[in-house]
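Biologist: I'm new to this one and would like a close look at a single part. Could you walk me through the surroundings of one arginine and then the charged pairs elsewhere?

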Amino acid sequence: MRNRLRLISGLILFTFVLGHFTNHAMGLISLDAAERGTKIFIAPWRTLIGTIILFGAGVTHAGCAVWSLWVRRSLRLPAWELTQMILGFSAPLFLAAHLAATRGLTETSNFDSSYTTTLISLWVVLPWRGVLQAVAAIVVWTHACLGLHTWLRLKPWYLRTQAISSGIAVALPTLALAGYVAIGNEVRDRAAVFGWTTQMFDKAGYETWMAKFVGDFEARMQIGVLIVLTSVAVARVVRAGMHRIKKKSKLYYSPGNKIVELMPDATLLESIRGAAIPHASVCGGRGRCSTCRVRIGRGLDSLPAPSESESAVLTRITESPSVRLACQIRPTADIEVAALLPPDITPIQVAASTDYHQGRELTVAFLCVDLRGSTRLCEDRLPFDVVFVLNQFFAELSRALEETNGHYAQFNGDGLMAIYGLSGDPRAGAKDALRGAQAMLRRIEGLNARLEGELSEGLRIGIGIHIGEAIVGSMGPPETPLCRRWATTLTLRRAWNPKPRSLASPWSSPPLLPNSAVPILRHSRATPSPSKAASKALRSTPSITLARSRSPIRQRLLNRLIVMLAGAPEKFYLAPHNRMGRSQVV
């Protein structure tokens with residue numbers, strides 16, 4: 001609830017700052033344009049409802065920040081989070097006088113604060129405050145952008161538009177400060193005219209006592225902020241001293257086999273940070289990103305059940321009860337944990353991270369593709385031409401995978417392997433694998449048509465499909481991991497090197513696969529002979545081979561299972577035995 005209140009109040013304050021900066025940017029046009037802009041960007045906030053919303057948001061945001069400072073057991077924070085905290089607590093110190101002059105006087109007297117009178121105070125009467133105001137604008141904007149970025153960087157759309165967002169985040173304050181300087185110089189030029197400054201202040205209803213009011217208000221507000229922060233700091237020191245005399249539980253952390261003391265009443269993430277152990281936390285411990293998740297070993301029974309917010313996050317990533325968010329649990333007994341993500345994980349990796357990336361046993365479909373005649377292709381061409389053709393070939397295969405929910409898993413020079421069904425639905429995975437094979441065949445036909453002048457004969461491929469249980473996870477170098485598999489109960493053979501008769505002899509022309517046709521799946525038992533049309537289709541259709549299991553009974557059941565899961569059309573033909581003693585289904 002506290003994080004939600006802080007977010008909502010922060011968005012309200014950001015909306016006000018956004019309008020204020022836009023109003024400043026209008027100063028690049030003229031002072032009169034900026035004065036008219038206040039009726040759009042400032043006036044709504046000076047109504048009764050606007051005042052209640054704005055000041056309510058300010059008090060709520062400040063209160064949440066102070067409470068967060070108190071409940072933290074450790075101030076070992078990432079640099080960006082520490083910067084955001086310092087800027088947030090320093091903003092009231094910079095804005096106290098501005099708040100007193102623009103709203104304090106307006107609410108307690110007949111003074112009508114306008115854009116012009118404010119600029120006269122900042123650029124003519126007290127120029128040093130004009131510089132301080134520019135610094136305050138930078139402080140507030142930086143704090144707001146850090147908070148907004150922390151909230152949005154887990155959103156997929158934000159990652160795609162981050163370059164545009166960053167440009168706006170730099171351009172808007174730049175234009176605002178440029179407008180502020182432009183109208184400031186314009187005000188100084190007008191103030192050079194004798195009597196203009198006095199006329200503006202008299203028109204606004206200024207009285208001499210108001211200067212003392214602004215100074216006293218600023219001093220009281222700054223002293224109040226410092227008293228609150230000092231009180232929290234002293235209370236934290238006292239609490240830490242009391243906790244030192246208490247017996248502390250142990251934290252057994254891996255990787256690294258580290259043993260440290262748990263901080264009393266602290267979250268697990270705070271204890272980890274307090275021990276200077278690097279640990280992932282993209283959202284800063286707000287329970288939004290799940291990157292701080294750990295697997296609990298010993299000590300799981302002593303933890304309370306997940307809260308509603310923690311359960312909502314965990315449900316999206318895992319079903320294991322031993323996985324918890326380190327920022328949401330406060331262990332009170334010895335606990336053994338294992339980090340599940342690297343400490344330097346980025347938001348882009350978070351957006352792509354799902355349960356299977358961390359390792360999961362799934363029933364998936366494997367699709368393997370092999371380019372026929374690749375050796376002859378390389379022998380007859382220059383290296384540049386070979387690389388060009390192969391890049392075009394793999395680009396088409398990659399697009400086919402994207403269209404059919406396939407995941408690239410392995411590259412073998414003249415072939416690749418893809419995985420289907422990572423969502424956990426074997427039926428959908430089998431269907432997508434067959435659709436992927438058909439999409440590849442169609443795309444290779446299109447590629448052959450485009451490269452007709454470059455190739456003496458069209459590119460031909462062999463496709464193998466296998467379905468079974470496997471351990472799937474993201475493996476490889478940390479910078480470029482791939483989604484890979486370890487087969488368990490079923491052995492994935494070299495499906496990209498099948499040898500049915502339909503592939504043994506070369507084709508005289510590029511093969512065609514009608515939309516109503518079904519790719520070939522090899523069965524392990526003999527079946528009745530097909531019609532002449534089926535035999536003709538078998539000889540002219542490229543094959544998709546299902547790898548054979550060591551157990552004939554298991555193989556027969558699995559092959560029939562993939563046909564059932566794929567939901568194949570009615571045009572299914574059974575081909576006669578090939579030389580290997582197996583029949584084929586078309």
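Modeller: Here is a tour that starts at Arg286 and moves on to the salt bridges. One caution before we go: this is a predicted model, where local features need pLDDT of at least 70 and side-chain atom pairs count only at pLDDT 80 or more, while totals for chains, interfaces and linings use all residues. Residues are numbered from 1 along each chain as its sequence is written, and side-chain values use heavy atoms, with hydrogens and water left out.

For orientation, the protein has 19 helices and 14 strands; these are DSSP runs numbered from the N terminus, with at least four residues of H or I for a helix and at least two of E for a strand. Of its 586 residues, 43% count as buried. Buried means under 20% relative accessible area, exposed means over 50%, and partly exposed is in between, using a 1.4 Å probe and protein chains only.

Now to Arg286. You'll find Arg286 in the loop between helix H11 (268-274) and strand S3, and with a relative accessible area of 13% Arg286 is buried. Leaving out residues up to four places away in sequence, Arg286 touches Asn3, Arg6, Trp80, Glu81, Gln84, Thr150, Cys327 and Gln328; a contact here means heavy atoms within 4.5 Å. Take Gln328 from that list: Gln328 and Arg286 are 42 residues apart in sequence, yet their C-alpha atoms are 8.3 Å apart in space. There is also a link to the backbone, since a polar atom of the Arg286 side chain lies 2.8 Å from the backbone oxygen of Cys283.

The loop leads into S3 (residues 293-296), which pairs with strand S5 (residues 335-339) in the antiparallel sense over three bridges; strands count as paired if DSSP finds at least two bridges between them. In that pairing, Val294 stands opposite Ala339. S5 also pairs with strand S1 (residues 250-254), this time in the parallel sense over four bridges, and there Tyr253 stands opposite Val337.

Back to Glu81, one of the residues Arg286 touches. Glu81 forms a salt bridge with Arg273, the closest N and O atoms being 3.7 Å apart. The pair links distant parts of the chain, with Arg273 in helix H11 and Glu81 in helix H4 (residues 79-108), 192 residues apart. Both ends are covered: Glu81 is buried at 2% relative accessible area, and Arg273 counts as buried at 11%. A salt bridge, by the way, is a side-chain nitrogen of Lys or Arg within 4 Å of a carboxyl oxygen of Asp or Glu.

The structure holds 16 salt bridges, so here are a couple of others. Glu218 and Arg129 meet in one, at 2.8 Å from N to O. That pair also links distant parts of the chain, Glu218 in helix H10 (residues 209-244) and Arg129 in helix H6 (residues 127-152), 89 residues apart. Glu218 is buried at 11%, and Arg129 counts as buried at 18%.

Glu396 and Arg399 form another, with their closest N and O atoms 3.2 Å apart. Because these two are three residues apart in helix H15 (residues 383-403), about one helical turn separates them. Glu396 is buried at 5%, whereas Arg399 is partly exposed at 38%. Together with Glu403, Arg443 and Arg450, Glu396 and Arg399 are linked in a network of salt bridges.

Methods. A polar contact is a pair of N or O atoms within 3.5 Å; within protein, one must be able to donate a hydrogen and the other to accept it, and residues adjacent in sequence count only if both atoms are side-chain atoms.
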